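Hi,

Here is the structure I said I'd pass on. Have a look first, and my notes follow below.

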Amino acid sequence: MSRSTRRTRHASRRAAATAPSTSSTSSLSSMSPTSPSASLSTTLPPYASSRSPEHLPPHDGLSPVGYLTLARAEQPVTELEVRRSRFLAQAARAGTEEAARTFIARARSTYPDARHHCSAFIVAVDGAQPVERSSDDGEPSGTAGGPMLEVLRASGLVSTVVVVTRYFGGTLLGTGGLVRAYSEAAAQALSAATRVRLVIRYLWTLTVPPAQAGHLEAGLRGCATTADVTVEETTWEATQVVLTVSTPDAQAAALRPLLASLSSGQARLHPAGTRLVEVPEPPGRT
């Protein structure tokens, strides 16, 4: 049997447990920035402003099912304890290298007395290979950041950063023990995080007389599931109504015959660009 066992704990419990190893998940608002045994009460700020630029893989490089990243909301903190050392881990969405480093710096400032703040991130770059970085932050070389990066790669997530903060418990874990601890802590944080799949929706506009708009919009909304057509916006003007709709493909193969039927062939589609949509994903297994 492994020397580490796991059990769920509330973040308000005493940090230094007597069991060989424990783990838990909590919101960051319950974690402590001061010491392993203090009550937990500090909130880490969001990883970056929602207005920050985000580099994502080019549209034509996406697979038909899109790609995985984390939701923009703040993700939970997970906790793993191994031989009285505490490993606090959290992941976040980071669309740029700057955003990833900002998140790492905020974790460091939230737990200023922790001995190590190890990290790994993968940031997508338009038209190029993703930027991958990791840091052992004072741990023996190759025992923390590198293993965390391997876990992140295996998760399939892009534009994602994960930080593991360690409070030393007084017992050396050895090279193998550190690799296992940091890998497990990173995996717990990524599994607990809310994932989304980013997919492209192709936008189209069509203009119809006001008298036909209600019938056309109702028909499109009624076929939203079967034809995968979404009415994004309806703009009523003095003499016409402009509908903006989206489809999953650039040819609008399912929309065209539907539109012809609903409008007796009078409505015409006009391309209006694309947008990325976040589709919630089931909890991850890392």
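Let's start with one contact: the side chain of Asp-137 makes a polar contact with the side chain of Arg-108, at 3.4 Å. Keep in mind as you read that this is a predicted model.

Where does Asp-137 sit? You'll find Asp-137 in the loop between strand 6 (128–135) and helix 2 (145–155). Its relative accessibility is 22%, so Asp-137 counts as partly exposed. Setting aside neighbours within four places in sequence, Asp-137 is in contact with Arg-108, Arg-115, His-116, His-117 and Cys-118. Take Cys-118 from that list: 19 residues separate Asp-137 and Cys-118 in sequence, yet their C-alpha atoms are 5.3 Å apart in space.

Next, the inside. In soluble globular proteins, nonpolar side chains tend to be buried together. The largest nonpolar core here has 28 residues, and the members touching the most others are Phe-87, Met-148, Val-162, Val-164, Tyr-182 and Leu-190. Several elements each supply at least two residues of this core: strand 2 (67–70), strand 3 (77–82), strand 4 (85–93), strand 5 (116–125), helix 2, strand 7 (160–167) and helix 3 (174–192). Helix 3 gives the largest share, eight residues. Apart from this core lies another one, of 19 residues, including Val-208, Ala-252, Leu-255 and Leu-259.

Now for the rings. How many aromatic pairs are there? The count comes to two. One is formed by Phe-87 and Tyr-182, which meet edge-to-face at 5.1 Å centre to centre, with 85 degrees between the planes. Phe-87 is in strand 4 and Tyr-182 in helix 3, so this pair ties together parts that are 95 residues apart in sequence. Phe-87 and Tyr-182 are both buried.

The other pair is Tyr-111 with Tyr-167: the ring centres are 6.4 Å apart and the planes stand at 90 degrees, so this pair is edge-to-face. Tyr-111 lies in the loop between helix 1 (97–110) and strand 5, and Tyr-167 in strand 7, so parts 56 residues apart in sequence are tied together. Are these two tyrosines buried or exposed? Tyr-111 is buried, with a relative accessible area of 4%, and Tyr-167 counts as buried at 3% relative accessibility.

One last ring to look at: Arg-256 lies over the face of Trp-204, at 5.4 Å from the ring centre.

Cheers

Terms used: Residues are numbered from 1 along each chain as its sequence is written. This is a predicted model: local features need pLDDT of at least 70, side-chain atom pairs count only at pLDDT 80 or more; totals for chains, interfaces and linings use all residues. Side-chain values use heavy atoms; hydrogens and water are left out. Helices (H or I, at least four residues) and strands (E, at least two) are DSSP runs, numbered from the N terminus. Buried means under 20% relative accessible area, exposed over 50%, partly exposed in between (1.4 Å probe, protein chains only). Contact means heavy atoms within 4.5 Å. A polar contact is a pair of N or O atoms within 3.5 Å; within protein, one must be able to donate a hydrogen and the other to accept it, and residues adjacent in sequence count only if both atoms are side-chain atoms. A nonpolar core is a set of buried Ala, Val, Leu, Ile, Met, Phe, Trp, Tyr and Cys residues joined through side-chain atoms within 4.5 Å. Rings of Phe, Tyr and Trp (its six-membered ring) pair if their centres lie within 6.5 Å; planes under 30 degrees apart count as stacked, over 60 as edge-to-face and the rest as tilted. A charge sits over a ring if NZ of Lys or CZ of Arg is within 6 Å of the ring centre and within 35 degrees of the ring normal.
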